[in-house]
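Here is a friendly briefing to keep beside the model while you look around inside it. We will visit the enclosed spaces and then one pair of packed helices.

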Amino acid sequence: MSPEELEQELRAIGAAQYHDKHPFHKLLHGGKLNKGQVQAWALNRYCYQSAVPRKDAALISRCHDRELRREWLHRIMDHDGYGEEEGGIERWLVLTDGLGLDRDYVISRKGALPETVFAVEAYVNFVREKSLVEAVASSLTELFAPNIHKARISGMLENYDFISDDVMAYFSRRLTQAPRDADFALEYVKQNARTPEAQQGALDALRFKTHVLWAQLDALHLAYVDPGMIPPGAFVPDQA
């Protein structure tokens, strides 16, 4: 494929498989969840948010290309923060604080669903073990993130009286960060995935990432919506 054809195939994967199509997100954005279910989502999603800098550090540790390291480094700072910049993880904890969750409990991940932890660690290991092109390609779900962030901001502010502008700051910031990151990653994949094998690896990497995101929502839906099968040790909303 030409680089342009590869981009078309990558975008087609997002159009078909991105997790904005999951029933749980439709419930979340449509105001159909109760506060306990929203708490469960935010608590479990913290596992993913907190793993992103570890995933990016794993990629950098394997990279001999100084320019790629320089470009990728800001992703870690975007999440962990630097200087006076609080970072995305802190903004996520503002969300869980606002939902009434104990911060130390959230950070401990003790209440997270086992499927959540498994999916998140599978993503970190994927980036650590696969080729750099595949590792970078797995981040390309960011191509599709701005639309879901916009829907989340408007839907949750409109439908939940326990959600305010302050606690939605994480998503507002990602409206500018995600497109910047995605544009760089897309160009890197297009320029470096030139063989059929490398291009197939990039496509499979993006599919894998969509599966990671989808699996987390499957777990939330099964545990907290239908049939409501919360595993032992996981967060129980009415006990928060």
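In the counts below, Ala, Val, Leu, Ile, Met, Phe, Trp, Tyr, Cys and Pro are taken as nonpolar, Asp, Glu, Lys and Arg as charged, and the others, Gly among them, as polar. Please bear in mind that this is a predicted model. The structure holds 2 cavities of 30 Å³ or more, and helices H3 and H11 each supply at least two residues to the lining of the largest one and two or more to that of the second largest.

**The second largest cavity**

- This cavity encloses about 70 Å³ of space.
- Its lining is made up of His19, His25, Trp41, Asn44, Arg45, Leu213, Gln216, Leu217 and Leu220.
- Two elements, H3 and H11, give two or more residues to this lining.
- The biggest contribution is from H11, with 4 residues.
- By residue class, the lining of the second largest cavity has 4 nonpolar, 4 polar and 1 charged.

**The largest cavity**

- The volume of the largest cavity is about 270 Å³.
- A set of 25 residues lines the largest cavity, and Arg45, Tyr48, Glu142, Tyr170 and Arg174 are the ones nearest its centre.
- Arg45 is worth finding on your screen, as it is among the residues nearest the centre of the largest cavity and also lines the second largest.
- Five helices each supply at least two lining residues: H3 (35–61), H4 (66–80), H9 (145–159), H10 (169–192) and H11 (196–224).
- H3 provides the largest share of this lining, with 6 residues.
- The lining of the largest cavity splits into 10 charged, 9 nonpolar and 6 polar residues.

**How H1 packs on H11**

- Two packed helices are described by the angle between their axes and the distance between the axes.
- For H1 (residues 3–17) and H11, the axes come within 10 Å and cross at roughly 15 degrees.
- Angles under 35 degrees count as roughly parallel, so H1 is roughly parallel to H11.
- The crossing of H1 past H11 is right-handed.
- On the H1 side, the contact uses Leu6, Glu9, Leu10, Ile13 and Gln17.
- On the H11 side, the partners are Gln199, Ala202, Leu203, Leu206, Arg207, Thr210, His211 and Trp214.
- Taken together, the residues of this contact divide into 7 nonpolar, 4 polar and 2 charged.

Terms used:
Residues numbered from 1 in each chain as written. Predicted model: local features only at pLDDT ≥ 70, side-chain atom pairs only at ≥ 80, totals over all residues. Heavy atoms only, no water. 1 Å grid on protein atoms, 1.4 Å probe; cavity = no way out; pocket = protein on both sides within 12 Å on 5 of 7 lines; lining within 4 Å. Points joined across faces, edges and corners; volume = space filled by probe spheres on them. Axes fitted to C-alpha atoms, helices over the stretch in contact; angles between N-to-C directions. Parallel < 35°, antiparallel > 145°, perpendicular 65-115°, else oblique. Left-handed = near helix turned anticlockwise from the far one by under 90°. Contact = heavy atoms within 4.5 Å.
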